Amino acid sequence: MLHRAGDREEARNRLAGLWQEIGPEGDAFHRCALAHYMADTQDDPRDELAWDLRALEAAEGSGERGGGRCAERRVTEPAEGANAEALRAFFPSLHLNLAADYVALDRPADARAQLLRARASADGLADGEYRQGLREAIDRLAVRLNGNGERPRG
């Protein structure tokens, strides 16, 4: 609510406190969701990327111990446990956010790789508004990245 009301700094402060409370061994779903929201409160695109990578690491179950390697994996697998299905639904959004981060950092090759992962993981979701909305967002970012106004293939 603080972030949506425009108080990014206070939102960051409160989310940082929750991040410390959850800790590196905390529930993967909670860590993923918190890092996902924390990324949105960042002013610097490099910090946003770092938080989006933490969210992906948590979703994959590797946590802080992963050292950022998860973004380079070919196959994305969710953490085990009761929230595995919920985490699986996060993957398209996580990869889309990473792609947007890489666009902001002028890293088009990394952005394209993340868009491919976003599209592949969105294709694994059940049909519905969430899946359709993600596909549309992926297409919009791909058009922006391609800079040619054409809808991407694939």
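In the predicted model, Trp19 is buried, with a relative accessible area of 10%. Trp51 likewise counts as buried, at 12% relative accessibility. A search of the whole structure yields two aromatic pairs, one of which is formed by Trp19 and Trp51 in an edge-to-face arrangement, with 5.0 Å centre to centre and 85° between the planes. This pair links distant parts of the chain, since Trp19 belongs to helix H1 (residues 8–22) and Trp51 to helix H3 (residues 45–60), 32 residues apart.

Phe29 and Phe90 also form an aromatic pair, which is tilted, at 5.8 Å centre to centre and 55° between the planes. Phe29 is located in helix H2 and Phe90 in helix H4 (residues 84–104), so the pair ties together parts 61 residues apart in sequence. Phe29 counts as partly exposed at 23% relative accessibility, whereas Phe90 is buried, with a relative accessible area of 16%.

Helix H2 (residues 28–40) also contains His36, which counts as buried at 9% relative accessibility. Leaving aside neighbours within four places in sequence, His36 is in contact with Asp52, Ala55, Phe90, Ser93, Leu94 and Asn97.

The axes of helix H5 (residues 108–123) and helix H6 (residues 129–146) come within 10 Å and cross at roughly 160°. Angles over 145 degrees count as roughly antiparallel; H5 and H6 are therefore roughly antiparallel to each other. Their crossing is left-handed. Residues of H5 in this contact include Leu115 and Arg119, and those of H6 include Ile138 and Asp139. The residues of the contact of H5 with H6 comprise nine nonpolar, one polar and six charged.

Technical notes. Residues are numbered from 1 along each chain as its sequence is written. This is a predicted model: local features need pLDDT of at least 70, side-chain atom pairs count only at pLDDT 80 or more; totals for chains, interfaces and linings use all residues. Side-chain values use heavy atoms; hydrogens and water are left out. Helices (H or I, at least four residues) and strands (E, at least two) are DSSP runs, numbered from the N terminus. Buried means under 20% relative accessible area, exposed over 50%, partly exposed in between (1.4 Å probe, protein chains only). Contact means heavy atoms within 4.5 Å. Axes are lines fitted to C-alpha atoms, for helices over the stretch in contact, and angles run from 0 to 180 degrees between N-to-C directions. Angles under 35 degrees count as roughly parallel, over 145 as roughly antiparallel, 65 to 115 as roughly perpendicular and the rest as oblique. A crossing is left-handed if the near helix is turned anticlockwise from the far one by less than a right angle, and right-handed if clockwise. Ala, Val, Leu, Ile, Met, Phe, Trp, Tyr, Cys and Pro count as nonpolar, Asp, Glu, Lys and Arg as charged, and the others, Gly among them, as polar. Rings of Phe, Tyr and Trp (its six-membered ring) pair if their centres lie within 6.5 Å; planes under 30 degrees apart count as stacked, over 60 as edge-to-face and the rest as tilted.
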